[in-house]
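User: Please take a close look at one loop residue with an unusual backbone angle. Then work outward from there to whatever else helps a newcomer.

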Amino acid sequence: MFIDFFYKLRDHGVPVSPTAFLTLHKALDQKLIQSLDDFYTVSRAVLVKSERYFDLYDQVFAHHFEGVELPANEGLAIDEMARAMLEQWLQNPKELAAALGMDEAELQKLTPEQLIEYFKERLKEQTERHDGGNRWIGTGGTSPVGHSGHHPGGMRVGGESRNHSAVKVALERRYKDYSLEGPLTNAMMGEALKRLRHLRPAGPKDQVNIDKSIYQTMKNAGEIEIVFDSSLKDRLKIILAIDNGGWSMDPYIPLVQTLFDYAKAQFKEVKTLFFHNTVYETLWGDPARYKKPVTLNELARRDPETRLIFVGDASMAPYELMAQDGSIYITDRSGRPSIACLEFLAKTFRHSVWLNPVRKGRWNYTRTINVISQIFPMFELSIDGLEKAVARLTAM
Amino acid sequence: MSGATFSGASRYVLDAELAQIVNVSMALEMPLLLKGEPGTGKTMLAHAITESLGMPLLVLNVKSSMKLVEALYQYDTLTRLNDSRFGDSKRDVSDIEAYIKMGKIGQSFTAERRTVLLIDEIDKADTDFQDDMLDVLDQMEFDIIEIDKTIRAKHRPVIIITSNAKKDLSDPFLGRCNFHHIAFPDPKMMRKIIDVHFPGLNGALIDGAIEAFYKLRQLEGIEKRPATRELINWLRALQSDPDFNPKRLKEELPFLGVLFKKSQDFEQASRLAQRRGRY
């Protein structure tokens, strides 16, 4: 009974288990379910174990029992108006092979600020979709705005990332929530992280040390003497800052997910923050980097003994790191170059490391990796690198 | 005991859905895991069940440093040491069992009648504790190592587990309980809850307060949103102020400190309150 329903839930990503399904049948068997309403409530309580899936459950339920259409999967949350406008022009990006190298010298001179201006102007002038060419926004041209084109230091407008240097993501609201799903376990990573656990006696001396008490009592010739100890506590606080932005981190997602899963399971106090490419005045508490800003000043108020762990590929256009207003987000205009922000963080938190998923052999090819590794001790995000990083973090 | 069903209590407003889930969980003899914002009455539910079914309540407040064995039983070595030294107690020092004290789970197993066992804020403990505990609750028995004795539950307690967790509990844990998420009550439900707590309170005051309360909850960027508990306390504060006139709620919001406990939240809420005064 209801096997279809069960598999439909599974297919739509609600993690339901056969055991729970059997429990549901036990409930049916005991005549606890008399109506469809009963079935709705009971099967949800038995099958669905997190409120995160309630909405999905509702949809599948409505579909299965009342034939309501299932909404198509909408992967991206889009909220900017401009995006909606631009998407019309930029649908179905064409492959571009030939239009390389044009105007390179001239376009390279444009700063990010000028690019944004250019983008806005073009947006005003342009009224239709446009592919190719070198001035309008469209796909596959050499105009400095648009996507799938090649422009050194140009701005990307939606679409896929092809050239690592062409970045000025104006319309991006895509995110990866590393916390949602991840490979289950990776015992080695867990072992490495476990060493970060610092169990230290803390708090009042309220635990009886039986061995010592007996020893002391014997020494006192049977006169009871009770020895108290304070209990062991994990006092280490950790801030995990993850680069979850955009495309350049995509290949490393499984790795970062594993790390994230482990960090959450291992430590009492882990604060996870998100950023894109590098840090400006704010980091974000939510994976979408939208709702919960955490400013550097707020961070600075935390315990300086907190261990700060960055995870990111540290690869970006040099100006993002060095220039004032280098952020690829138009809204992020703080006036302090990112490199100063990073230095500030490194100074605030004595124990900090940067874990880089890029293989160490390739670090020399990216300038920003070199620069950042001078600010934070940088380690490869591998078991070896992790152990070294942990050794560094636990050093007094 | 099988005939007993739960249908609400004097100080707890129950929605039909939750009542059903509680009853099904009791019938299936599975623990019920409750999640929800702080202050939505997760803990209150257990109290309400005990009241309505007339069962004794045992509360296990989970602490982060807790070990499972503490929840099961305690071997009181110190008293035994003391007794062996002075020998003036009625206990038999050679009988270790006399020095075993039951913890909350142990008590619920050994109780003469069916009890409600509330395991509060399970998320505070680490995952090992959670999994081990579920094993015990699944088997309904545990061993006392010191005296090599197995304690078996005389009556299967009604188990309510609450969690404020942002992080999810482990899969094996979730697999063994039923789950319900208590959503924050809507204004209508809230009105009922207030009526239960303050019978005969001035209607205008309740309406005004509830309206203001929901507006304040919607403020952007509030870290700790005020919950039912805060609203009840707030009403109590408003009530106790002899100068207070419900009509003034439109213009000013006194005692915001009752609702907002974080300084940033408080400042933000006061700003809104001032703006209300101006327009």
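Analyst: **A loop residue, and what lies beyond**

A:Asn277 sits in the loop of chain A that runs between strand E4 (269-275) and strand E5 (282-284). Strands, like helices, are DSSP runs numbered from the N terminus (at least two residues for a strand, E; at least four for a helix, H or I). The model is predicted, so local features need pLDDT of at least 70 and side-chain atom pairs pLDDT 80 or more, while totals for chains, interfaces and linings use all residues. Residues count from 1 along each chain as its sequence is written, with chains lettered from A and ligands numbered from 1 in the order written.

Start with the backbone. Phi of A:Asn277 is near 65°, a positive value in a residue other than glycine. Most residues other than glycine have a negative phi. A:Asn277 is also buried, because 26 C-beta neighbours lie inside 10 Å. (Buried takes 20 or more other C-beta atoms within 10 Å, exposed 12 or fewer, partly exposed anything in between, with C-beta atoms placed from the backbone.)

Now set A:Lys31 beside it. Phi of A:Lys31 is near 60°, again positive in a residue other than glycine. A:Lys31 too is in a loop of chain A, the one between H2 and H3. Its surroundings read the other way: A:Lys31 has 8 C-beta neighbours inside 10 Å, so it counts as exposed.

H2 and H3 lead to chain B. Across the interface, 28 residues of chain A are in contact with 24 of chain B (contact: C-beta atoms, placed from the backbone, within 7 Å). On chain A, helix H2 (18-29), helix H3 (36-47), strand E2 (228-234) and helix H10 (253-266) each supply at least two residues of the touching side. That side of chain A holds 13 nonpolar, eight polar and seven charged residues. (Ala, Val, Leu, Ile, Met, Phe, Trp, Tyr, Cys and Pro are nonpolar; Asp, Glu, Lys and Arg are charged; the others, including Gly, are polar.)

Look closer at H3 of chain A. Its axis and that of helix H1 (residues 16-28) of chain B come within 10 Å and cross at roughly 60°. (Axes are fitted to C-alpha atoms, for helices over the stretch in contact; angles run from 0 to 180 degrees between N-to-C directions.) H3(A) brings A:Asp38, A:Thr41, A:Val42 and A:Ala45 to this contact. H1(B) brings B:Glu17, B:Gln20, B:Ile21 and B:Val24. Together they are four nonpolar, two polar and two charged residues.

One of these residues, B:Ile21, is also touched by B:Leu32. Not counting residues up to four places away in sequence, the other partners of B:Leu32 include B:Val22, B:Ile160, B:Cys177 and B:His180. B:Leu32 is listed with B:Leu117, B:Ile160 and B:Ile161 as having the most contacts inside the largest nonpolar core, which has 60 residues. (Such a core is a set of buried Ala, Val, Leu, Ile, Met, Phe, Trp, Tyr and Cys joined through C-beta atoms within 7 Å.) A second, separate core has 42 residues, among them A:Val311, A:Ala314, A:Leu321 and A:Leu355.

Chain B as a whole has twelve helices and nine strands. Of its 279 residues, 29% are buried. Among contacts in chain B with a separation of 6 or more, 76% join residues 24 or more positions apart.

Back in chain A, helix H1 (residues 3-11) and helix H4 (residues 54-66) have axes within 10 Å that cross at roughly 140°. A:Asp4, A:Phe5, A:Lys8 and A:Leu9 of H1(A) meet A:Tyr57, A:Val60 and A:His64 of H4(A). That contact has four nonpolar residues, one polar and two charged.

Notes
Two residues are in contact if their C-beta atoms, placed from the backbone, lie within 7 Å.
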